[in-house]
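Biologist: Please show me the structure, and let us then go through it by question and answer.

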Amino acid sequence: MAVIEVRGLTKRFGPVLAVDRLSFDVGQGTVVGFLGPNGAGKTTTLRVLLGLVRPTGGTATISGKAYTDLPDPLRHVGAVLEASGFYPGRRARDHLRVQAMAGGFDPARADEVLELVGLQADGTRRVGGFSLGMRQRLGIATAMLGDPEVLILDEPANGLDPEGVRWLRELVRGLAEEGRTVLVSSHLLAEVAQSVDRVVIIDGGRLVAQSSLDELTAGARRVVRVRTPRAQDLANGLDHDGVRVERVGADRLEIIGATSERVGMLAAQLGIPILELTTDAANLEDVFFQLTATPTEPEGS
Amino acid sequence: MTRSVRTELLKLRTIRLPLGLLATAAGLTALVTILGAATGGGGHGGRHMAAPPLNTAAGLQAMLTRTGFGMLMAAVLGVTVVRGEFRHGTATATYLATPDRVRVLIAKAMAAAGAGLTFGLVAAGLSTGISLTFVAAKGYQVALAWGTIARFGAGAILGSGLLAAVGVSLGALFRSQIAAIVTVFAWALVVEQIIGGLFDAAQPYLPYTAATTMAGATLGGGTSPLPFAAAAALVAGVAALVSAAAARTTVQADVS
């Protein structure tokens with residue numbers, strides 16, 4: 001069952017067509033990556049979905065309703081749209097108290113969500129002194145105030161250090177395990193690849209792909225890299241199985257068109273020790289770049 | 001609506017700008033009142049006349065009614081209540097919590113009006129306190145009835161609240177905070193002075209002038225001010241009119 005439904009969505013800012021007849025679904029309890037290069041129309045789409053921007057045409061609904069028609073919307077949907085959306089002189093806890101009051105939540109939720117995002121020691125600090133990563137965390141805390149079943153995160157990894165990106169990934173997976181629906185946008189596929197069940201890829205305001213990651217990469221050229229002291233023996237075995245192998249060093253092979261499982265199993269059968277076995281993750285990026293290679297108009301927001 | 005108004009009041013209590021504006025209003029009110037009282041009764045009690053000394057009713061009235069900066073700063077506060085949200089990007093969070101933008105606008109006007117009452121209270125308290133201190137120091141009798149002094153104070157308080165609501169409407173109508181604030185000052189200190197100077201009969205119907213007459217200011221040219229309730233209704237009507245215009249334009253705009 002689709003929780004988020006976008007149908008024929010179009011948004012034009014003067015001469016700029018930011019979103020062009022876009023349609024996609026986000027199923028209940030799934031984590032969907034909303035991907036596209038900068039200016040693809042992601043933020044505009046999310047803002048239309050959240051009732052902040054009026055569409056030129058089409059519809060965008062959450063649980064069958066426009067966001068503006070949802071009763072107590074913060075209890076249903078949490079959103080992180082921009083890191084700069086804070087009054088710099090306001091303390092972090094006060095920002096959350098304001099949103100808690102606006103949403104009709106217990107003010108104690110402010111401390112709970114500060115702890116959730118690891119900012120419990122910074123609640124009394126003014127947001128103007130926060131790093132971009134801390135602001136992102138505060139934005140996520142704000143979105144979690146209403147304990148919503150739907151989360152919409154716009155480029156949440158922006159400004160996060162590697163530890164923060166890892167924290168975000170684990171948070172998103174944790175939210176998914178709790179049965180929540182998450183739509184997370186990014187201009188970097190690798191950033192969300194480990195978190196999402198499916199991807200919606202847009203470019204120039206148009207849908208270019210909507211699938212699972214496996215489906216996305218199914219047709220892609222896959223490279224498995226192997227380091228073994230018996231490289232020639234493994235190459236012969238793979239060649240015998242009809243797999244294309246390239247020798248790239250005395251103890252290194254690149255195998256094209258086979259999975260790492262198949263290579264590992266064959267090595268085990270032949271009694272060949274494997275020192276390293278990796279799948280070239282860049283293939284996923286290659287697919288993304290191939291899909292979004294067309295020149296795009298600048299986004300109108 | 002109650003929750004929305006309480007939220008807007010909490011926003012005001014959790015930032016420093018309102019206190020800064022209140023301090024500015026208090027400082028300017030104290031300054032002009034002290035300068036006026038120290039020079040023997042001022043010269044700005046009415047639009048076209050020099051005020052007599054503090055031991056006269058007219059002289060004391062001229063000092064007691066120097067609450068205009070409280071009203072102007074209340075209007076500036078109203079502007080920032082709306083435009084500050086766009087300037088800092090917090091409008092997104094506000095509209096995510098309350099998608100009904102007209103409701104948000106009304107809540108902001110009510111909250112700003114409430115805060116504006118404080119501006120009027122502080123301005124009236126300072127002008128009255130300073131004036132009466134000078135009266136006592138010079139050994140004069142208080143030349144106005146206490147009920148009249150209280151009415152001037154009430155007018156300053158109510159006028160500040162209403163002008164704060166007007167400020168909210170201007171903040172919603174303008175895209176630029178600076179432009180809205182400049183408009184507040186230019187309208188009150190330039191446009192109304194020009195119109196009032198050219199057309200005596202129009203003076204009572206100019207909104208800032210009407211608010212100041214609620215607080216006891218007199219008009220030039222022998223023109224009578226509007227009755228208290230009528231002046232209050234006029235300023236409230238201006239707030240409603242500008243709000244309606246804002247609701248049809250800015251409030252329906254994309255938040256991006």
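Modeller: Accessible areas come from the Shrake-Rupley method with a 1.4 Å probe, and for residues only the protein chains shown count as cover. This is a predicted model, in which local features need pLDDT of at least 70 and side-chain atom pairs pLDDT 80 or more, while totals for chains, interfaces and linings use all residues. Residues are numbered from 1 along each chain as written, chains are lettered from A and ligands numbered from 1 in written order, and side-chain values use heavy atoms, without hydrogens and water.

Biologist: What share of the exposed area of chain A do carbon and sulfur atoms supply?

Modeller: Chain A exposes about 13,000 Å². Of that area, carbon and sulfur atoms supply 49%.

Biologist: Is B:Thr33 buried or exposed?

Modeller: Buried means under 20% relative accessible area, exposed over 50%, and partly exposed in between (1.4 Å probe, protein chains only). The relative accessible area of B:Thr33 is 0%, so this residue is buried.

Biologist: Which residues is B:Thr33 in contact with, leaving aside neighbours within four places in sequence?

Modeller: Contact means heavy atoms within 4.5 Å. On that basis, the partners of B:Thr33 are B:Met63, B:Arg66, B:Ser127, B:Ile130 and B:Ser131.

Biologist: How many helices and strands are there in chain A?

Modeller: Both are DSSP runs numbered from the N terminus: helices are H or I with at least four residues, and strands are E with at least two. By this assignment, chain A has 11 helices and 13 strands.
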